[in-house]
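Here's a quick briefing to read with the model open beside you. Take it topic by topic, and find each spot in the structure as you go.

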Amino acid sequence: VISVAPGSPAERAGIERGDVITVADGSPVNLSSDFLQILSVHKIGDQIILTVVGEDGSAKDVSVTLAESP
């Protein structure tokens with residue numbers, strides 16, 4: 001994660017700059033293109049579960065409701 005917009009769904013889910021998304025909607029994320037492909041099958045308002053690894057190495061699952069990009 002390069003940046004998190006204030007007030008965004010990512011911020012509300014607790015995602016922080018420097019986190020690494022390893023799983024999205026049950027599918028592994030190895031490249032940013034993997035993440036974009038997973039998102040492409042969803043629409044605004046869908047809720048997905050992400051597994052996120054923080055800079056300290058701790059992993060957590062977070063629920064994110066998709067919204068339009070600012």
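How many bridges pair strand S1 with strand S3, and in which sense do they pair? This is a predicted model, and in it S1 (residues 20–24) and S3 (residues 47–53) pair in the antiparallel sense over four bridges. That pairing is a good place to start, and the rest of the sheet comes next.

**The sheet**

- Four strands make up an open sheet, and they're lined up in the order S2-S1-S3-S4 with antiparallel pairing.
- Strand S2 (27–28) and strand S4 (59–65) sit at the edges with a single partner strand each, so one side of each has no neighbour in the sheet.
- Want to trace how S1 meets S3? Look for Val-23, which stands opposite Thr-51 in S3, and for Ala-24, which stands opposite Leu-50 in S3.
- On the other side of the story, S3 and S4 pair over seven bridges, again in the antiparallel sense.
- Two spots to check there are Gln-47, whose bridge partner in S4 is Thr-65, and Ile-48, which stands opposite Val-64 in S4.
- The hairpin of S3 and S4 has five residues between the strands, and Gly-57 in this hairpin takes a positive phi near 90°.
- As a handy rule for looking at any regular strand, side chains alternate between the two faces of the sheet.

**The largest pocket**

- The largest pocket has a volume of about 870 Å³.
- It's lined by 29 residues, and the closest to its centre are Ser-3, Ala-10, Ile-21, Phe-35 and Leu-39.
- Which elements chip in? Helix H1 (9–13), S1, helix H2 (32–40) and S3 each supply at least two residues of the lining.
- H2 gives the most to that lining, with four residues.
- Sorted by class, the lining has 21 nonpolar, five polar and three charged residues.

**The salt bridge**

- Side chains of opposite charge can pair when their charged atoms come close.
- The count for this model comes to one salt bridge.
- The partners are Asp-46 and Lys-43, and their closest N and O atoms are 3.3 Å apart.
- Is Lys-43 buried or exposed? Lys-43 has 57% relative accessibility, so it counts as exposed, because the cut-off for exposed is over 50%.

**The start of the chain: Val-1**

- You'll find Val-1 in the segment before H1.
- Val-1 has a relative accessible area of 34%, so it's partly exposed.
- Setting aside neighbours within four places in sequence, Val-1 is in contact with Ile-15, Glu-16, Arg-17, Gly-18, Asp-19 and Ile-21.
- One of those contacts, Ile-21, is also among the residues closest to the centre of the largest pocket.
- Val-1 and Asp-46 are 45 residues apart along the chain, and their C-alpha atoms are separated by 20 Å.

**After the last strand: Ala-67**

- Ala-67 sits in the segment after S4.
- With 42% relative accessibility, Ala-67 counts as partly exposed.
- If you don't count residues up to four places away in sequence, Ala-67 touches Pro-9 and Ile-44.
- Ala-67 and Leu-36 are 31 residues apart in sequence, and 14 Å apart in space from C-alpha to C-alpha.

How values were computed:
Residues are numbered from 1 along each chain as its sequence is written. This is a predicted model: local features need pLDDT of at least 70, side-chain atom pairs count only at pLDDT 80 or more; totals for chains, interfaces and linings use all residues. Side-chain values use heavy atoms; hydrogens and water are left out. Two strands pair if DSSP finds at least two bridges between them. On a 1 Å grid over the protein atoms alone, a cavity is a set of points where a 1.4 Å probe fits but cannot get out, and a pocket is an open set with protein on both sides within 12 Å along at least five of seven lines; lining residues have an atom within 4 Å of a point. Grid points are joined across faces, edges and corners, and a volume is the space filled by probe spheres set on the points. Ala, Val, Leu, Ile, Met, Phe, Trp, Tyr, Cys and Pro count as nonpolar, Asp, Glu, Lys and Arg as charged, and the others, Gly among them, as polar. Buried means under 20% relative accessible area, exposed over 50%, partly exposed in between (1.4 Å probe, protein chains only). Contact means heavy atoms within 4.5 Å. A salt bridge is a side-chain nitrogen of Lys or Arg within 4 Å of a carboxyl oxygen of Asp or Glu.
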